[in-house]
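Work through the exercises below with the coordinates open, and attempt each task before reading the solution beneath it.

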Amino acid sequence: MRDVREWSTGLLRLAKRRREPVVVQTLRSATAATIAYVIALRLSPEPAPLTAPLTALLVVQVTFYATLTNGIRRVNSVVAGVLVAIAFSVLVGLTWWSLALLIVAALAVGHLVRVDEYVAEVAISAMLVLGVTTVGFTAWARIVETLIGAVVGTACNLLLPPPVWVDEAGRSIEDLARRVRQLMLRMGEEAAGRTPWQRAAERLHEARRLDHDIVQVDASLRQAEDSLRLNPRVKEGLLHRVVLRTGLDTLEICTVVLRVLARSFTDLAKARGSEELFPPRVGATVEQLLSEIADAVVSFAVLVTTHLSENAESAEERLSAELRTAAGTRDRLAELLQEEIRKDWAHWQLLGAVLTETTRIIDELNTEHRTRRLLEELDRVSRGQRTKLPRLAWLRDRLGVQEELWRNRAGVGERSR
């Protein structure tokens, strides 16, 4: 009975993990490689056509867009390598010096045909083909197996469509916002008391480490963007890409400003010495302001990762309310800092910087600012598409699909102006 429960628990865990990138990639790659090998056994003259499953394994990626582009590049690399090998077999054959020339020539051809990460595959294919006696027979077999693997890898993505990684990217954006929030809360708590400059410097280092988190979120977002390209399951892929990308850009700006704010706290702590970072009333107000801005950062992340219009509207209303509250606290802080500067002019630049930096974050999170950036990005992408694909843009205009449709579906209509 215990074994049955453990077995069922394992199945439940596997079912929960079925949409994780590692699980999905493993199952799809194994399926594509197996099918490619079975087909190659019937069509290839080789007794063990392992090139076909190898190609399918390398071609199948997490997204359909990556699969298609990788398949084309890999086929080009193999064909180029085979042609180089045939030319060398006719001219010089296989010797130690011809092998060196073969590798140099194959790598050069790989760069010329622009196969990107498959440049080494050109040299590998050339060496494998040149190393056998029946060059023509082996060359043909290798091309056939490569085509089989590429076709099977692409077909697997059509029959077993890959997941859309928008939710995964959205969770990474929200996690980044929560890390920013936690740092803001800690900075606010320390601003209300005596803060040694060493502790303030630690917060500065934490703010700098957020750059590494942004790189990871950017990688997740790029994967989501690729999963939306050429995906028949997605109707508004461009809109999703632009909303997430502009949202991440805004959070990145906020982290940069937060790093500057942490620097101002550190410099102020050094200047204060053993004194409190701020007077009690000012410190309490700074703590309250950073807490309110921290909540707004999370609400902003929820807004840009929300798909349903009803949830997006409620998220926007919550963000607007939090920003109004933060703006009121900011104004109260400005009055307190003005009184403090009248008493002591020694640190007016650092005190003014605190006000400037918190105001910049509030402005970046503003819904009107987000609307303007979103529309500018949509216009920029639209102009780029018109430049690259003028006929497609003309057809879209003839069908009446205008940019105003993007604006309405983005939830940036009259209610957010």
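**Exercise 1.** Decide whether Thr305 is buried or exposed, and list what surrounds the residue.

*Solution.* Thr305 has a relative accessible area of 13% and is therefore buried, where buried means under 20% relative accessible area, exposed means over 50%, and partly exposed covers what lies in between, with a 1.4 Å probe and protein chains only. The model is a predicted one, in which local features need pLDDT of at least 70 and side-chain atom pairs count only at pLDDT 80 or more, whereas totals for chains, interfaces and linings use all residues. Residues are numbered from 1 along each chain as its sequence is written, and side-chain values use heavy atoms, with hydrogens and water left out.

Next, locate the residue: Thr305 sits in the loop between helix H11 (280-304) and helix H12 (309-343), helices being DSSP runs of H or I with at least four residues, and strands DSSP runs of E with at least two, numbered from the N terminus. Then collect the contacts (heavy atoms within 4.5 Å): leaving aside neighbours within four places in sequence, Thr305 is in contact with Gly170, Ile173, Glu174 and Leu244.

Finally, look for polar contacts, that is, pairs of N or O atoms within 3.5 Å; within protein, one atom must be able to donate a hydrogen and the other to accept it, and residues adjacent in sequence count only if both atoms are side-chain atoms. The side chains of Thr305 and Glu174 are joined by such a contact of 2.8 Å, and a polar atom of the Thr305 side chain also lies 3.3 Å from the backbone oxygen of Val302.

**Exercise 2.** Describe how H11 and H13 pack, and name the residues that meet.

*Solution.* Two packed helices are described by the angle between their axes and the distance between the axes. For H11 and helix H13 (residues 348-365), the angle is about 25° and the axes are 10 Å apart; the axes are lines fitted to C-alpha atoms over the stretch in contact, and angles run from 0 to 180 degrees between N-to-C directions. H11 and H13 are therefore roughly parallel to each other, since angles under 35 degrees count as roughly parallel, over 145 as roughly antiparallel, 65 to 115 as roughly perpendicular and the rest as oblique.

At the residue level, Leu289, Leu290, Ile293, Ala296, Val297 and Phe300 of H11 meet Thr358, Ile361, Ile362 and Leu365 of H13.

**Exercise 3.** Establish which residues Leu323 touches, and how far Leu323 is from Asp363.

*Solution.* Leu323 belongs to helix H12 and, with a relative accessible area of 7%, is buried. Not counting residues up to four places away in sequence, Leu323 touches Ala296, Ile362, Leu365, Asn366 and Thr367. The C-alpha atoms of Leu323 and Asp363 are 8.9 Å apart, although 40 residues separate the two in sequence.

**Exercise 4.** Compare the settings of two charged residues, Arg370 and Glu121, by accessible area and by location.*Solution.* Arg370, found in helix H14 (residues 367-388), is buried with a relative accessible area of 11%, and the C-alpha atoms of Arg370 and Thr246 are separated by 7.9 Å while lying 124 residues apart along the chain. Glu121, placed in helix H6 (residues 119-130), is buried with a relative accessible area of 8%. Beyond residues up to four places away in sequence, Glu121 touches Arg74, Ser77, Val78 and Arg142.

**Exercise 5.** Find where Arg114 and Ala108 lie, and assign an accessibility class to each.

*Solution.* Arg114 lies in the loop between helix H5 (96-112) and H6, and a relative accessible area of 69% makes the residue exposed. The phi of Arg114 is near 55°, a positive value in a residue other than glycine. Ala108, in helix H5, is partly exposed at 39%, and the C-alpha atoms of Ala108 and Val119 are 8.4 Å apart, with their positions 11 residues apart in sequence.

**Exercise 6.** State how many helices and strands the protein has, and what share of the residues is buried.

*Solution.* The protein has 16 helices and 0 strands, and 48% of the 417 residues count as buried. Among contacts with a separation of 6 or more, 78% are between residues 24 or more positions apart.
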